[in-house]
Amino acid sequence: MDAATEVPAEPLTPQSSAPGPDITPATSRPADADAAAADQALDTGAVASGTEADVASTGLPLLATGSIGIGGAVDDVAGINPNKSGSRWNESGMLSVRTDWSSQDDTSPQRSSRSEALSHSELESYSRDLQACRRTLTTMVSPRSSMGKPTRYGVHSIQNRRREMEDAHRAVLGVEGWSPSASRPSSREGMEASLGSMSYFAIFDGHAGSRAAEFAGERLCELLAADRAALLSGPAEALRRALARTEEEWLQMARARELMDGTTAAVALVDRAGRRCLVGNIGDSEIILGSRGDAGPNVKVLTEVHHLKRSPAEVERVTAAGGRIWRGRLGHPKISPQVLSLSVSRAIGDLFFKEDKYTDGVQSGLTAEAYIATVDICAEDAKEEFLVIGCDGLWDTVKYDEAAGFVLERLQLNEDPQAISEGLVARAREAGSSDNITVMVVVL
């Protein structure tokens, strides 16, 4: 999940309830091929070979190959990692793609029974197809709306050429026009009611393992639903607090179990009844708002990029905190950055960069502080309006205006959001992305 691109246009003003200024589409984000190749070799939360002295200083296990294993990020030489997440999203050791949700059918919002009925040989075949980007597991969700047309969305997620699938995502449609009930937030119907008129869409791009992404994918929405009074009265602060608590709870678990996984986050809370959308992000997973109105097509970047190669502001912040920057990456404060570094400067988790036990009390500059912004949506003249939420596997090779133009073109052809999300994933892969790729398209 590394990028070597120019700094995008200035995003919206944080926590503003007024419409933000239009942002010039990012029409030029050329990638430095050599830097990108080097980054892909390192990867976020990368595991690189180092001396035994370097390895011993980390307090992490020394593998037979002389590489550092971070929270199960290194595959066991026998092909089985005993520390690998036992997530219910994995059907077998080979199958590691999250279940996708769409909104194109009237079936009930239950997990697909397709995967549960697969034999071991079918699972192996399915796994090969998933890694080759030919399939995605899907579960349909029926939207409910009192606004004439429902919110439609689709999501597609592929492992691509990575050894592990570390992305996670979640979508929960709110109940537009309904009042929040006292239903139990942990149930799906209770979750929808607790979110009120807001719908929740989020992508998490994990590194050094999938566990932090999977945890955040489940826990963040639960925290928002449980804090529904604050969500309805002050959604921006509620989102900030839920992201911070997700970080706290994950780090607490990570300390107890010595888990070194980390994850980015990109979250959108869509309130069509209130004509507003709140976004929050940590890291380099990003969200754009595309539209076509009387003035023609337009695209706005709604999030920040917390990446040292693309954000001078993040370079300044990390430097001021005493962090180490190495080749546009965040180096570990205790050991050589050639052994351990991150491509993002903000992330949930990454205990090894945050805990005094591993840093000798030296600040790394890594933080989970979220960027939060509000933008107006559902304008009277908007003929088409949509969100594209993607991890860096998309944005590394697809420009903002290219993605927006692709969606607008397909909407004119009456394609559904699921097909459009699949098309964007294919476009990114064909353009050279080898990372995990997750794309969510939400048609407002």
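Modeller: Let me begin with the method: accessible areas come from the Shrake-Rupley method with a 1.4 Å probe, and for residues only the protein chains shown count as cover. By that reckoning the protein exposes about 17,500 Å², with carbon and sulfur atoms supplying 48% of it. Please keep in mind that this is a predicted model, where local features need pLDDT of at least 70, side-chain atom pairs count only at pLDDT 80 or more, and totals for chains, interfaces and linings use all residues. Residues are numbered from 1 along each chain as its sequence is written, and side-chain values use heavy atoms, leaving out hydrogens and water.

Colleague: Thanks! How many helices and strands does the protein have, and what makes a run count as one?

Modeller: Helices are DSSP runs of H or I with at least four residues, strands are runs of E with at least two, and both are numbered from the N terminus. The protein has 13 helices and 17 strands on that basis.

Colleague: Why is cysteine 378 called buried or exposed?

Modeller: Buried means under 20% relative accessible area, exposed means over 50%, and partly exposed lies in between (1.4 Å probe, protein chains only). Cysteine 378 has 16% relative accessibility, so cysteine 378 counts as buried. Cysteine 391 is buried too, with a relative accessible area of 0%. In the protein, buried residues make up 57% of the 444 residues.

Colleague: How many disulfides does the search of the whole structure find?

Modeller: Zero disulfides turn up. A disulfide is a pair of cysteine sulfur atoms within 2.5 Å. Take cysteine 378: the closest cysteine sulfur, in cysteine 277, is 9.4 Å from its own sulfur, which is too far for a bond.

Colleague: What makes β3 and β17 paired strands?

Modeller: Two strands pair if DSSP finds at least two bridges between them. Seven bridges join strand β3 (residues 152-158) to strand β17 (residues 437-443), and these strands run antiparallel, so the rule is met. One of the partnerships puts serine 157 with threonine 438 in β17. Six of the seven residues of β3 are buried.

Colleague: Which strands are the edges of the open sheet that holds β3, and what makes them edges?

Modeller: The open sheet has five strands in the order β3-β17-β16-β9-β10, with antiparallel pairing. Its edge strands are β3 and β10 (296-301), as each pairs on one side only. Neighbouring strands of this sheet are turned by 15 degrees against each other on average, direction ignored. At the β10 end, six bridges join β10 to strand β9 (residues 286-293), and glycine 293 stands opposite glycine 296.

Colleague: How do you know what angle α12 makes with β16?

Modeller: Axes are lines fitted to C-alpha atoms, for helices over the stretch in contact, and angles run from 0 to 180 degrees between N-to-C directions. By that measure α12 runs at about 130 degrees to β16 (384-390), lying across β3, β9, β10, β16 and β17. Helix α13 (residues 417-430) also packs on the sheet, touching β3, β16 and β17, and its direction makes about 35 degrees with that of β3.

Colleague: What span is expected for α12, and what does the model reach?

Modeller: The expected span of a helix is 1.5 Å times one less than its number of residues. Helix α12 (residues 400-412) has 13 residues, and its 19 Å from first C-alpha to last is close to the 18 Å expected. Among its buried residues are Tyr400, Phe406 and Leu411.

Colleague: What does alanine 428 touch, and what makes that touching a contact?

Modeller: Contact means heavy atoms within 4.5 Å. Alanine 428, in helix α13, touches Gly393, Leu394, Thr397, Val398, Ser433 and Ile437, not counting residues up to four places away in sequence. Its relative accessible area is 0%, so alanine 428 is buried. Alanine 428 and valine 398 are 30 residues apart in sequence and 5.9 Å apart in space, C-alpha to C-alpha.

Colleague: Why is arginine 170 called buried or exposed?

Modeller: Arginine 170 has a relative accessible area of 11%, so arginine 170 is called buried. You will find arginine 170 in strand β4 (residues 167-172).
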